[in-house]
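Got your viewer open? Let's take a walk through this model, one selection at a time.

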Amino acid sequence: LMRKTLVTLGAAPGMGKTAIAQYILENIAENGRDVLYINLEMDRSQLIARSLARTAYRYQANANYQADITALDIMRGYSWSAAQRQTIEYAADLYKRNIAPHFIYTPEGVNNSMSSILKACEEEPNRLTASGEKPPIICIDYLQLITYDIPNANGKAPEDTEGLKQAIADLKTFAKDHDTIILTS
């Protein structure tokens, strides 16, 4: 991944684009780099449950923990076995210490509109650079769900394919102007 670029993950629906994007970004966050992850499709609790399941699996080498924990198991907190509870608590502690300090999920108020996405993308880099840090790597997960609502020279917002093309162009310009990487899927 190179600064000042827009990177797009493409695949058929259900092939794991969100999972691979989240995995890449969690590793970046775990290495101390800030990440802004805007997901237009899934709730924050679902994303964190996936992350905890992945974290539990990654650290299965510790013989005291059960590795076959799914995101659904985590979401069903009422039916955990003692071994699952211990594993999930271990994964949650690792996540809290190593990933969470650098991983920002979809900020409040962000919706599918391009204007709200760009606003969130502006606020986080401004906050970080004001404190002397590098701008975050940004992920916009589910590009096709963006509604382009920014009027053009004619006073109208482009629709459908033209709106998606303009959204991509705006995100690429943003990445260049803010010396960051934007990952889309």
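Start by selecting E124. With a relative accessibility of 12%, E124 falls under the 20% cut-off, so this residue counts as buried. Keep in mind that you're looking at a predicted model. E124 sits in helix 5. Now show what surrounds it: leaving aside residues up to four places away in sequence, E124 touches L36, I104 and P136.

**Stop two: helix 5 and its partner**

Colour helix 5 (residues 114-130) and helix 6 (residues 160-177). Their axes are 12 Å apart and the packing angle is about 10 degrees. That angle is why helix 5 counts as roughly parallel to helix 6. Which residues of the two helices meet? On the helix 5 side, pick M114, L118, C121, E122 and P125; on the helix 6 side, pick A167, D170, L171 and F174. Sort the residues of this contact by type and you get seven nonpolar, two charged and no polar.

**Stop three: the sheet**

Switch to cartoon view and find the strands. Five of them make an open sheet, with parallel pairing, in the order 1-5-4-2-3. Which strands stand at the edges? Strand 1 (5-8) and strand 3 (103-105) do; each has a single partner strand, so one side of each has no neighbour in the sheet. Look along the sheet for its twist, which averages 15 degrees from one strand to the next. As background, strands of a sheet pair through backbone hydrogen bonds, either parallel or antiparallel.

**Stop four: strand 4**

Select strand 4 (residues 137-141). Three bridges join strand 4 to strand 5 (residues 181-184), and the two run parallel. For one example, click I140: its bridge partner in strand 5 is T184. Strand 4 also pairs with strand 2 in the parallel sense, over five bridges. There, I140 in strand 4 stands opposite I38.

Is strand 4 buried or exposed? Five of its five residues are buried. Both faces are covered, with I137, C139 and D141 on one side and I138 and I140 on the other. The general pattern behind this split is that side chains in a regular strand alternate between the two faces of the sheet.

**Stop five: the cores**

Next, hunt for the largest nonpolar core, which has 24 residues; L25, V35, Y37, I74 and F103 touch the most other members. The elements giving two or more residues to this core are helix 1 (17-30), helix 2, helix 4 (82-98), strand 2, strand 3, strand 4 and strand 5. Helix 2 gives the most, with five residues. Select helix 2 (residues 44-58) and you'll see it lying across strand 2 (35-39) and strand 3, at about 145 degrees to strand 3.

Zoom in on Y37. Not counting residues up to four places away in sequence, Y37 touches a list of residues including T18, Q22, L25, L47, F103, C139 and D141.

For a last click, a second, separate core has 21 residues, among them I38, L40, I104 and C121. You've already met I104 as a residue that E124 touches, and C121 where helix 5 meets helix 6.

Definitions and conventions: Residues are numbered from 1 along each chain as its sequence is written. This is a predicted model: local features need pLDDT of at least 70, side-chain atom pairs count only at pLDDT 80 or more; totals for chains, interfaces and linings use all residues. Side-chain values use heavy atoms; hydrogens and water are left out. Axes are lines fitted to C-alpha atoms, for helices over the stretch in contact, and angles run from 0 to 180 degrees between N-to-C directions. Helices (H or I, at least four residues) and strands (E, at least two) are DSSP runs, numbered from the N terminus. Angles under 35 degrees count as roughly parallel, over 145 as roughly antiparallel, 65 to 115 as roughly perpendicular and the rest as oblique. Contact means heavy atoms within 4.5 Å. Ala, Val, Leu, Ile, Met, Phe, Trp, Tyr, Cys and Pro count as nonpolar, Asp, Glu, Lys and Arg as charged, and the others, Gly among them, as polar. Two strands pair if DSSP finds at least two bridges between them. A nonpolar core is a set of buried Ala, Val, Leu, Ile, Met, Phe, Trp, Tyr and Cys residues joined through side-chain atoms within 4.5 Å. Buried means under 20% relative accessible area, exposed over 50%, partly exposed in between (1.4 Å probe, protein chains only).
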